[in-house]
Structure formats: structure tokens, C-alpha cells
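Student: I should like to learn how to read the features of a protein model in a systematic way. Could we begin with a helix and proceed from there?

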Amino acid sequence: MMNTGWDGSMPRVLIVEDDKIIASLLEQLVTSQGFSLSGIASSGEQAIELALRSRTDIMLTNVNLEGPIDGITSAQVVGAFLKIPVIFISARHQPEYIDKIKVAYPASFIIKPFRPEELYANIVLATSFRSAVNTALDVDMARVNLFVNIAITKRSVAGIMTLDGKLLYASGMAQRALFKGEPTYGKYAFQEIAFYDSSSNRPITSPLSDIFNEALVLGINKSCTIQFATGKPKVCNVIVEGVTDITGSPIALLFDIVPIDGEI
């Protein structure tokens with residue numbers, strides 16, 4: 001009997017591979033074995049966006065990907081934030097290489113070349129594990145759905161960034177306000193905007209420590225004036241939430257910047 005996804009439906013697999021030929025072969029294998037396909041991503045940033053927008057039960061990913069976000073970083077965000085099991089596929093399997101990827105806490109690791117039955121077994125086992133903990137996922141998924149709703153549909157500057165400030169995902173508003181709509185992934189999220197103290201109007205020289213860390217640690221909405229890449233300075237509320245891995249260690253930050261007058 002085919003194993004089902006965490007909600008009882010057919011497991012949906014997200015394939016992350018920048019080689020089109022390999023991606024096509026994986027798609028054929030996955031679908032021929034009875035699994036559904038939630039999407040194919042060719043980069044780490046695209047993998048994060050697809051995982052946020054579509055229901056995915058398993059992420060099947062290459063480790064080395066072209067672009068600013070590799071398979072390890074995207075797996076950390078998808079695995080920890082969305083609680084989606086990640087299976088790495090790679091031809092490399094040296095001990096130092098395994099040590100490098102274990103920070104993402106993958107559900108499994110498949111060595112190339114592999115047999116179709118190996119892929120099937122790993123997907124089924126990873127899906128079974130997620131099914132066993134679906135009750136614990138309810139709160140996390142509600143939190144995820146709330147954030148995605150903010151990031152995609154509301155007029156706010158929302159996204160996910162690494163602890164050192166590099167952008168992993170951004171809403172359409174964030175793309176425009178932070179970078180004038182230019183490609184942003186892998187860049188520092190706030191390199192083209194300026195922060196000011198709302199009361200004194202003095203520049204805040206280190207916003208990550210003075211604003212984001214304060215909001216994160218104290219759990220408050222921090223108010224400040226922000227000069228975006230486009231438009232006039234705006235008084236905004238800054239909301240920050242940490243994304244942690246299974247050990248409780250922070251690996252990324254969610255941010256939501258809401259202009260008090262509702263416009264940017």
C-alpha cells in the first residue's frame with residue numbers, strides 16, 4: 001500500500017536540482033513510483049519559495065546548487081521552518097562532506113548512482129516519520145500559514161533572512177521597497193535602506209543589533225523611521241521572529257515591517 005502524506009493524501013515531493021537532465025530523471029522516478037510532484041526548483045531560493053507556496057511532504061535536493069543559496073541553507077530553512085523532511089542526493093560521500101551537510105538535519109542521504117527502489121524506500125520512510133508527528137506540526141503549520149499570508153498578500157515588507165542579514169525569501173512589497181524590484185536573494189536585506197530613531201531622527205548605524213535583536217529578544221514590535229530604496233521616510237513597526245532548528249538553535253529570522261500609515 002502506498003504511504004500517504006502527513007494529512008492522509010498522496011505524498012508530494014519537491015525536487016531541487018539545477019541540472020535539467022537529472023531533474024527530469026528524478027521527476028520520472030518520483031511520479032512512476034506513485035508519488036505526486038509539488039514542483040521542481042533549480043535554485044535554493046526557488047526551493048524556499050515553492051515550499052512556502054505549495055503543499056510539500058518531502059524535499060529531494062542536490063547539495064551543490066548554482067546561485068547565492070545552496071542546498072544546505074535552503075534545507076535548513078525548509079526543514080526547520082516548515083518541518084518538511086529533506087533528503088539529500090549527492091555523488092560525494094566523504095566523511096568531511098557528510099559533516100558539512102549534517103547541520104541541516106536531513107531525514108536521509110542518498111549516494112549517486114542509486115537504484116529506484118532506494119529512492120522509493122527513503123521517501124516512504126521520511127513520509128512515515130512526518131506522519132507520526134503530524135499532531136505536533138499543527139501549531140507550527142498555523143504559524144507558517146500566518147506568515148506566508150502576511151508575506152504574499154498584505155502590503156508589508158516581509159521576508160526571511162539569515163542571522164547575518166542575507167535575504168532568503170521576500171514578499172513582492174519587500175522586493176520593491178528594499179531593492180527597487182531587482183533580484184535580491186543572497187544580498188544583505190537592508191544594504192540599500194537607512195534606519196532612524198523615530199523620536200530623535202538620528203541615524204541608527206547598526207539596525208540588526210539595535211532593532212532586530214531588541215525586537216527578537218524582548219518579543220516586542222519595535223518602532224523606527226525607515227528610508228526605503230524607493231519613497232519617503234516612513235515610521236514603521238518592525239516585527240521579528242526567530243526560526244530554530246531541532247536543537248532550538250536559531251538559523252534564520254522572519255521579519256515583517258509595517259508602515260504605520262499603511263503605504264510605502
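Student: Which residues of α2 are buried?

Tutor: A general idea comes first: an α-helix has 3.6 residues a turn, so residues three or four places apart point the same way. In this predicted model, the buried residues of α2 are G44, E45, A47, I48, A51 and L52. Viewed down the axis of α2, these buried residues fall within an arc of 160°, so they line one face of the helix.

Student: What does G44 touch, once its neighbours within four places in sequence are left aside?

Tutor: G44 is found in helix α2 and counts as buried, at 0% relative accessibility. With those sequence neighbours left aside, G44 is in contact with L65, I69, D70 and S74. For one of these residues, I69, there is also a backbone distance: its C-alpha atom and that of G44 are separated by 4.9 Å, although the two residues are 25 apart along the chain.

Student: In what order do the strands of the open sheet lie?

Tutor: The open sheet has five strands in the order β2-β1-β3-β4-β5, and their pairing is parallel. At the edges stand β2 (36-41) and β5 (108-111); each has a single partner strand, so one side of each is left without a neighbour in the sheet. From one strand to the next, the twist averages 20°.

Student: How many bridges join β1 to β2, and which helices pack on the sheet?

Tutor: Strand β1 (residues 12-16) and β2 run parallel and are joined by five bridges. Within this pair, V16 stands opposite A41 in β2. Helix α1 (residues 20-32) packs on the sheet and touches β1, β2, β3 (58-62) and β4 (86-90). The direction of α1 makes about 165° with that of β1. Helix α2 (residues 44-53) also packs on the sheet, where it touches β1, β2 and β3; its direction makes about 145° with that of β2.

Student: Is T61 buried or exposed?

Tutor: T61, which is found in strand β3, is buried, with a relative accessible area of 1%. Apart from its neighbours within four places in sequence, T61 is in contact with V16, G71, V86, I87, F88 and I89.

Student: How should one read the side chains along β5, and to which faces do they point?

Tutor: In a regular strand the side chains alternate between the two faces of the sheet. The side chains of β5 follow this alternation: S108 and I110 point to one face and are buried, whereas F109 and I111 point to the other and are not. Four bridges pair β4 with β5 in the parallel sense, and I89 stands opposite I110 in β5. Between the two strands the chain crosses from β4 through helix α4 (residues 95-101) to β5, and this β-α-β crossover is right-handed.

Student: How many residues of β6 are buried, and which lie on each side?

Tutor: Strand β6 (residues 157-162) is mostly covered, with six of its six residues buried. Both faces are covered: V157, G159 and M161 are buried on one side, and A158, I160 and T162 on the other.

Student: With which strands does β6 pair?

Tutor: β6 pairs with strand β12 (residues 250-259) in the antiparallel sense, over six bridges. The bridge partner of V157 in β12 is I257. β6 also runs antiparallel to strand β7 (residues 167-170), to which three bridges join it; here M161 stands opposite L167 in β7. The hairpin of β6 and β7 has four residues between the strands, and in it G165 takes a positive phi near 100°.

Student: What do the buried residues of α7 pack against?

Tutor: They pack against β6, β7 and β12. Helix α7 (residues 172-179) is mostly covered, as six of its eight residues are buried: M173, A174, Q175, A177, L178 and F179. Just after α7, K180 takes a positive phi of about 55°.

Student: What are the overall values for the protein, beginning with its helices and strands?

Tutor: The protein has eight helices and 12 strands. Of its 264 residues, 45% count as buried. Among contacts with a separation of 6 or more, residues 24 or more positions apart account for 57%. The protein exposes about 12,500 Å², of which carbon and sulfur atoms supply 55%.

Notes
Residues are numbered from 1 along each chain as its sequence is written. This is a predicted model: local features need pLDDT of at least 70, side-chain atom pairs count only at pLDDT 80 or more; totals for chains, interfaces and linings use all residues. Side-chain values use heavy atoms; hydrogens and water are left out. Buried means under 20% relative accessible area, exposed over 50%, partly exposed in between (1.4 Å probe, protein chains only). Two strands pair if DSSP finds at least two bridges between them. Contact means heavy atoms within 4.5 Å. Accessible areas come from the Shrake-Rupley method with a 1.4 Å probe; for residues, only the protein chains shown count as cover. Axes are lines fitted to C-alpha atoms, for helices over the stretch in contact, and angles run from 0 to 180 degrees between N-to-C directions. The arc is that of the directions from the helix axis to the C-beta atoms. A crossover is right-handed if, with the strands pointing away from the viewer, the path from the first strand over the helix to the second runs clockwise.
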